[in-house]
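These exercises are meant for a reader who is meeting this structure for the first time. Try each task with the sequence and the model in view, and then follow the solution step by step.

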Amino acid sequence: MQRRVWPMTLTEIEARAVEAIRKADHFTASLFLGRGQYRIEKRPTVLAAMEAAREIESDPAAFTRRAIIYAIAPEGHATLLTAALIEKLLSLKSSG
């Protein structure tokens with residue numbers, strides 16, 4: 001029995017985010033510490049930013065337990081990378 005594999009596609013919004021990832025100067029993982037304070041870790045790749053996010057989410061000073069990952073363009077424009085988009089990108093990478 002032959003299995004059919006349907007290629008996963010990106011929505012227009014996701015495609016724009018992927019373009020931002022490709023053109024990014026760097027990535028950040030940021031975590032709200034409360035009272036206008038944030039912990040921000042700068043990394044060269046999205047995977048490194050994901051690792052930093054996991055690390056800072058265990059910070060005892062954290063007000064929230066969810067870090068936010070951004071792709072930062074050379075001119076400073078930030079694009080939010082959602083967990084759903086990152087999961088989709090990882091699945092595309094592993095299936096290709």
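**Exercise 1: A salt bridge within a helix**

Decide which class of exposure applies to Glu-19, and then find which residue meets the side chain of Glu-19 in a salt bridge.

*Solution.* Glu-19 counts as partly exposed, because its relative accessibility is 32%, and the scale behind this is that buried means under 20% relative accessible area, exposed over 50%, and partly exposed in between, with a 1.4 Å probe and protein chains only. Before going on, note that this is a predicted model, in which local features need pLDDT of at least 70 and side-chain atom pairs count only at pLDDT 80 or more, while totals for chains, interfaces and linings use all residues. Residues are numbered from 1 along each chain as its sequence is written, and side-chain values use heavy atoms, with hydrogens and water left out.

The next step is the partner: the side chains of Glu-19 and Lys-23 meet in a salt bridge at 3.5 Å, N to O, where the term stands for a side-chain nitrogen of Lys or Arg within 4 Å of a carboxyl oxygen of Asp or Glu. Lys-23 itself is exposed, with a relative accessible area of 55%. Both residues belong to helix α1, four residues apart, which is about one turn of the helix. An α-helix has 3.6 residues a turn, so residues three or four places apart point the same way.

**Exercise 2: The two sides of helix α1**

Establish how far apart the end C-alpha atoms of α1 are, and which of its residues are buried.

*Solution.* Helix α1 covers residues 12–23, and at 1.5 Å a residue its 12 residues should span 16 Å, which agrees with the 17 Å between its end C-alpha atoms; the expected span is 1.5 Å times one less than the number of residues. Helices here are DSSP runs of H or I with at least four residues, strands are runs of E with at least two, and both are numbered from the N terminus. The buried residues of α1 are Glu-14, Ala-17, Val-18, Ala-20 and Ile-21. Seen down the helix axis, these fall within an arc of 155°, so they line one face of α1, the arc being that of the directions from the axis to the C-beta atoms. Turned away from this buried side is a face that carries the exposed residues Glu-12, Arg-16, Arg-22 and Lys-23.

**Exercise 3: The partners of strand β1**

Find out how many bridges join β1 to β3, and how many pair β1 with β2.

*Solution.* Begin with β1 itself, residues 26–34, which is mostly covered, since seven of its nine residues are buried. Five bridges join β1 to β3, and these two strands run antiparallel; strands pair if DSSP finds at least two bridges between them. Within this pairing, Thr-28 has Tyr-70 of β3 as its bridge partner. Turning to β2, residues 37–43, one finds seven bridges to β1, again in the antiparallel sense, with Ala-29 standing opposite Glu-41 of β2. The two strands β1 and β2 form a hairpin with two residues between them, and Arg-35 in the turn has a positive phi of about 50°.

**Exercise 4: A network of charged side chains**

Identify which residue meets Asp-59 in a salt bridge, and which residues share a network with this pair.

*Solution.* Asp-59 and Arg-39 meet through their side chains at 3.0 Å, N to O. Asp-59 lies in the loop between α2 (46–56) and β3, and Arg-39 in strand β2, so the pair ties together parts that are 20 residues apart in sequence. Asp-59 counts as buried at 14% relative accessibility, whereas Arg-39 is partly exposed, with a relative accessible area of 22%. A further salt bridge joins the side chains of Arg-43 and Glu-41, at 3.4 Å, N to O. Of these two, Arg-43 is partly exposed at 23% and Glu-41 is buried at 18%. The network of salt bridges links Arg-39, Glu-41, Arg-43, Glu-55 and Asp-59, and the whole structure holds eight salt bridges.

**Exercise 5: The chain as a whole**

State what pattern the protein chain follows along its sequence, and how much of the chain is buried.

*Solution.* The secondary structure comes to three helices and four strands, which read along the sequence as α-β-β-α-β-β-α. Buried residues make up 35% of the 96 residues in the chain.
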